[in-house]
Structure formats: structure tokens, C-alpha cells
Protein chains: 2
Amino acid sequence: MTGWEDIRAEVQARIRSGVWPLGSAIPHEEDLARDFGCARATVNRALRALAAQGVLERRRKGGTRVLAVPVRKATVSIPVIRAEVEATGRRYSHQIIWQATGQENTLHLETLHLADDKPYAHEVRVLHLAVLPPLPDLTAISINEWLVTTVSYATGEIAFSAAAADAGQARALWVPTGTPLFVITRETRNAAAQVITKVLLAHAPGYHLRTTM
Amino acid sequence: MTGWEDIRAEVQARIRSGVWPLGSAIPHEEDLARDFGCARATVNRALRALAAQGVLERRRKGGTRVLAVPVRKATVSIPVIRAEVEATGRRYSHQIIWQATGQENTLHLETLHLADDKPYAHEVRVLHLAVLPPLPDLTAISINEWLVTTVSYATGEIAFSAAAADAGQARALWVPTGTPLFVITRETRNAAAQVITKVLLAHAPGYHLRTTM
DNA sequence: CATTGCATTATGTGCAGACATATTAACCTT
DNA sequence: AAGGTTAATATGTCTGCACATAATGCAATG
């Protein structure tokens, strides 16, 4: 009867109805557990879920409070491009347009990803070779895919934006210069906080990144 | 010594090293618990985290398997625009450019959000009044903000894309027609799956949506 | 008066056991 | 052989208990 989802819903209802105003502290887990007639672990699970959702803020000893500014959080999947293309029933391929070694043992790569031989996305990447195992044959597998399966879980920053196609992007994607492109930039670091790679990925017009709340 | 984070790391290491190849099934929670010398609940926590990350797929009775196609998941915050603007030290304001009632008890709203009196984002919204409480005075509080604090948790779809500014967006945002804009479209539904509102939000050039992995 | 140190407190996490539930596989029926 | 029923199984979750950990404030100390 009292699952943690029910408790999450109840807590959220109390926040919405003003019983626990925005910015205020809510009772301790133990009190809530007594209120709801369940174990503290159950309350804990519910409150942790709400914290992950951006509704609550929790701090040891500080207790739990309702965020003053509610934040909606959405989880987006950043798939391997090959899988993304093949999921729509199209055939994936990629071409390395240009590559060069740069300062400090870096490799610069310009890649075009294609779906049914039509341009799908244009990628510019800098790889820091010192923090990577030897590279494979890049004509067989895309760097993107190789990295995902090779490098242990890494942290990183992602940014989404819109930008006008520059000359290189325009040429690769068969669009006029200045065309709005959906751009994803990524910076990936390994466990030791060393930068592994930086990527700028510009998608051909019509691209949408979808998710649910 | 054996926290659930350690176990998550170990499982991830085994996947990366090929002990558990992509697409293969991994042992049951009970077996893993014996292997790692911990309780099943601890293994469960670790595996659930990995499933949320997009590394594993879990099904009752079906067991746990490594996803054939690794997916990176990132959580993005969709903040209230006022908070987003004020977080950068600027002053928020908004203007309702146009509004009209449409078919089936809907309200159409065109809003401009400003930061230090400069255009920040252009919003076009359709509200389904039948599934909402009475609206407040919209000059005092933006719809966006009112909805977040008023409507109980709702599901919805979000899509990010890049688009060329149309005439209305160009005029509102002080940019030439055709300028690349970062666009967020949202469709929000209540618990009964009824559509509450649809939004198209076009951000002024320079906008970035950031997140970490 | 500043600083260090300790006790307090709320959340974070672990464990063992139990039952719930979804899903598959095996079985039986027609 | 097709189809429906049943049993087996792995995950999902709850409970009650325990200890760990971080953060806060108070107190003792120099």
C-alpha cells in the first residue's frame, strides 16, 4: 500500500499544496516514516528520488528542504551515432575528412557521419593520445564508438546550442553557409580529471534531440 | 569497504574489460552478492544505478544484461527562465506580446522573456484551460513559473533543435530573420495523460544548455 | 578572542530476511 | 501443433536494525 512511489507522490502533493512551502525545511526521515507508517528506508528512497528530480535538496545534518526554485530535470540519451542512425532504419557510414597531429601529442580529426550516404553530422575532435590506449583502425570503427566501449566511465561536460554553419560544416553537410545547425560540444575527462577528448558535433538540419520528463 | 559505488565500478570494469561482453547476460544478484561478499540489496543498488546510466538493461525474471549499444545519459535541468536569468546576475522581466483564445477552450500566448531589458527568449504557448485551475494575473508572474508551482507532477516530452528565426521571433529577439536559434519544444501532460500545454521556446543567439555526465 | 575539538544530528549506506510481481518456460489440454 | 494454464525465477521493494559520515554548534582551551 505504501510504496516509495506513493510517498514520493504524497510529499510532492504537500509541496504543491503549500503545506511545505518552497524553500522550507521538511520533517526528518524518522518523523515522516512514523507519519506514513513505513520504514525510514522507504522514506529515504522517496526523498532521494525527489532530490534527483530537482524538487528537494538534502544535506547531512542539514536535513531536507524544498528547493526555492523548482527545477525540471530531463534525462537525455547521447547515443552512439551509428546506433542512432540504424534505429531509423538507415545505413550508417562515416568518412574521415581530415586529420593531423597537433601540439602536446594530440590528434585532430574531422569526420563526417552519413545515413544512407547522406550527410548526418559533422564532427571535429581533438584526442589526447597520452591518456589513451593505442588507437584502432579508424576506417573500420568510428572514434566515437571505440571510445565508448574502450574508455572506462568518464565524467564530462556537454553543451547544446544552435550555430550557423561555417564553411567546413556547410561543405560537408551539403547546406549553405549560415544554415542553423544543432551543435553538441563535449569534453570528456578520465577518472584522473585529464582531458581525453573534445568534440564539436554539428547535425544536419532537421535533427531533434528528444527526451521525456 | 564494499559500498554500492565500488560494486558499480567493478561491474563497469568487467564490462569494459570484456569479461561480460556487450549484449551478454550477467549473473543474478544473488550470485554477485556472494561473489562480492555483500548483501543482495547492495548489488541491487549498484545494478539499478548502472541501468539508470544506460549501461545495463534489467527485466524481472529475464535477468540483467549489458546493453548491446552503450548509451550515455546526461541529465539536463530545465530551469524556470526567471531563475536562469537571475543566476547570471541580470534582471528578469517578461512581456506578453500577443494572446488569443482558440478552439476547444485553449489560450494562445506569445511571450518575450528579457534579461536586463534585452531579449532573452521568445515563447509561443498553447494552454488547455479545461485541465487547469483559474489563471492568475499573468503580468505579475510568468505562466512558466506559475505552472511549475501549481500543476502537480506531470510527464511530458521535450525536444531540442536548431531553427532559423521566423518573422515573429526575429522581431521579438532583435535579430535578422534566418538567424540560428536554439529551440526547446515541450508538451506537458497531467496524470490523466491530458495535454496541459505545448510550448515552443526560442532562445536568443549565444544560448547554451549545459550539463555534465 | 580565535581556534581547536567534541558531541549532536540527519542523512547515507549496509545487512538479512521476507514477500510482491513480472516474465519466462514447462506443461497440459484440445 | 496450437493455445492456454501453471510453476519457476530474477528483479522490485519493504522492514528493522546497525553503523558510517558530514555538518553544525557548543564548549574547552590557549
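A residue is near a strand or molecule if one of its heavy atoms lies within 4 Å of it. By that rule, 23 residues surround DNA strand D. The closest are A:G3, A:W4, A:T42, A:R59 and B:R58. This is a predicted model, in which local features need pLDDT of at least 70, side-chain atom pairs count only at pLDDT 80 or more, and totals for chains, interfaces and linings use all residues. Residues are numbered from 1 along each chain as its sequence is written, chains are lettered from A and ligands numbered from 1 in the order in which they are written, and side-chain values use heavy atoms, with hydrogens and water left out.

Stay with strand D. Which parts of the DNA lie within 4 Å of the protein? Of those strand D atoms, 76% belong to sugar or phosphate, and the rest to bases. Now look at polar contacts (pairs of N or O atoms within 3.5 Å; within protein, one must be able to donate a hydrogen and the other to accept it, and residues adjacent in sequence count only if both atoms are side-chain atoms). A polar side-chain atom of A:T42 lies 2.5 Å from a phosphate oxygen of strand D. A:A39 uses a backbone N or O atom, 2.8 Å from a phosphate oxygen. A:R40 points to a base instead: an N or O atom of its side chain is 3.3 Å from a base nitrogen.

Next, the elements. Helices (H or I, at least four residues) and strands (E, at least two) are DSSP runs, numbered from the N terminus. The largest share of the surface near strand D, four residues, comes from α3(A). That surface divides into four nonpolar, eight polar and eleven charged residues. Here Ala, Val, Leu, Ile, Met, Phe, Trp, Tyr, Cys and Pro count as nonpolar, Asp, Glu, Lys and Arg as charged, and the others, Gly among them, as polar.

Turn to DNA strand C. It has 21 residues around it, and A:R58, B:G3, B:W4, B:T42 and B:R59 come nearest. Of its atoms within 4 Å of the protein, 78% belong to sugar or phosphate. A polar side-chain atom of A:H28 lies 3.2 Å from a phosphate oxygen of strand C. A polar backbone atom of B:A39 is 2.9 Å from a phosphate oxygen of strand C. A polar side-chain atom of A:R60 lies 2.7 Å from a sugar or linking oxygen of this strand. The largest share of the surface near strand C, three residues, comes from α3(B).
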